[in-house]
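These are my notebook entries on a single chain. I set down what I looked up, entry by entry.

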Amino acid sequence: MKIREMTLVAVFAAVMGSFGLIPSIALSFTPVPLTLQTMGVLLSGGVLGARLGFMSQAVFLLLVAAGVPLLSGGRGGLGVFVGPSGGYIISWAVTAFVIGYVLSLFKKVRFHHVLLVNLTVGIFLIYLIGIPVQAMVMGISVMDTVKVSLAYIPGDIIKAVVGSILVYKLRTHPVIMRSLGSLRRTGNLSKTA
């Protein structure tokens, strides 16, 4: 792994941590809070690509597991992985990888591609992994958890739209393009135009 790649991984792990500084919104009917960290997942996969996006999330999750309070609300430690939010948190690395991979399949990535991938693959995959774990931890049915999770959809759509705008802008910015140029040459990112 090159120094530039390690730096990008560290920067996006730090972005996740900075989103954790923004207070979460607790909902009265579920122990899983609303946070901005989902948008960090969309950004890391969209900007860094599959491999580095996954690595940035893996580094972040390892820091959280080590007890660093980087999750929204100052949470950290192994306990967060076995709580109601555990499945959502664990899904972040997988989601960043899949977003990066799917975007790499496009010859030229346009804004609508990023938005479509973030809305479908990104948000869907987080729910696909998070909902069954939440249901198991809380001892309720998956369908009841799905019903509770409907409250998150408006916020996740907003995060997907804002995240898509940021991903597209970052990938089309000339300075960022030069920084990411070596990643494109190694096949980690698709071309944006």
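**Entry 1: glutamine 134.** I began with glutamine 134, which lies in helix H5. I was working from a predicted model. Is glutamine 134 buried or exposed? Its relative accessible area is 1%, and because the cut-off for buried is under 20%, I recorded glutamine 134 as buried. I then listed its contacts, leaving out residues up to four places away in sequence. Glutamine 134 touches Thr30, Pro31 and Val32, and also Pro84, Tyr88, Thr145 and Ser149.

**Entry 2: glycine 130.** I stayed in helix H5, residues 111-138, where glycine 130 is also found. Glycine 130 has 0% relative accessibility and therefore counts as buried. With residues up to four places away in sequence set aside, I found that glycine 130 touches Gly87 and Tyr88. Tyr88 had already appeared among the contacts of glutamine 134. I also looked up the separation of glycine 130 from valine 162: the two are 32 residues apart in sequence, and their C-alpha atoms are 22 Å apart in space.

**Entry 3: the strands.** Next I turned to strand E1 (residues 25-27) and strand E2 (residues 30-34). In which sense do E1 and E2 pair? I noted the antiparallel sense, over 2 bridges. Isoleucine 25 stands opposite leucine 34 in E2. E1 and E2 form a hairpin, and 2 residues lie between them.

**Entry 4: serine 44.** I located serine 44 in helix H2, which covers residues 37-48. Serine 44 is buried, as its relative accessible area is 0%. Apart from residues up to four places away in sequence, serine 44 touches Phe12, Gly49, Gly53, Ser56, Gln57 and Ala96.

**Entry 5: H2 against H4.** I examined how H2 meets H4. The two axes come within 7 Å and cross at roughly 40°; H2 and H4 are therefore oblique to each other. The crossing of H2 past H4 is right-handed. On the H2 side I listed Gln37, Val41, Leu42, Ser44, Gly45 and Gly46, and on the H4 side Trp92, Thr95, Ala96, Ile99, Gly100 and Leu103. By class, I entered 6 nonpolar residues, 6 polar and no charged for the contact of H2 with H4.

**Entry 6: H3 against H4.** I then looked up helix H3 (residues 50-65) and helix H4 (residues 86-104). How do the axes of H3 and H4 cross? They come within 7 Å, at an angle of roughly 165°. H3 and H4 are therefore roughly antiparallel to each other. H3 passes H4 in a right-handed crossing. From H3, the residues that meet H4 are Ala50, Arg51, Gly53, Phe54, Gln57, Ala58, Phe60 and Leu61. Their partners in H4 are Ile89, Ile90, Trp92, Ala93, Val94, Ala96, Phe97, Gly100 and Tyr101. I recorded 13 nonpolar, 3 polar and 1 charged residues for the contact of H3 with H4.

**Entry 7: isoleucine 157.** My last entry concerns isoleucine 157, placed in helix H7 (residues 153-172). At 41% relative accessibility, isoleucine 157 counts as partly exposed. I also looked up its separation from proline 69: the two residues are 88 apart along the chain, and their C-alpha atoms are separated by 26 Å.

Key. Residues numbered from 1 in each chain as written. Predicted model: local features only at pLDDT ≥ 70, side-chain atom pairs only at ≥ 80, totals over all residues. Heavy atoms only, no water. Axes fitted to C-alpha atoms, helices over the stretch in contact; angles between N-to-C directions. Helix = DSSP H or I, 4+ residues; strand = E, 2+ residues; numbered from the N terminus. Parallel < 35°, antiparallel > 145°, perpendicular 65-115°, else oblique. Left-handed = near helix turned anticlockwise from the far one by under 90°. Contact = heavy atoms within 4.5 Å. Nonpolar A, V, L, I, M, F, W, Y, C, P; charged D, E, K, R; others polar. Pairing = 2+ DSSP bridges. Buried < 20%, exposed > 50% of the residue type's maximum accessible area, 1.4 Å probe, protein only.
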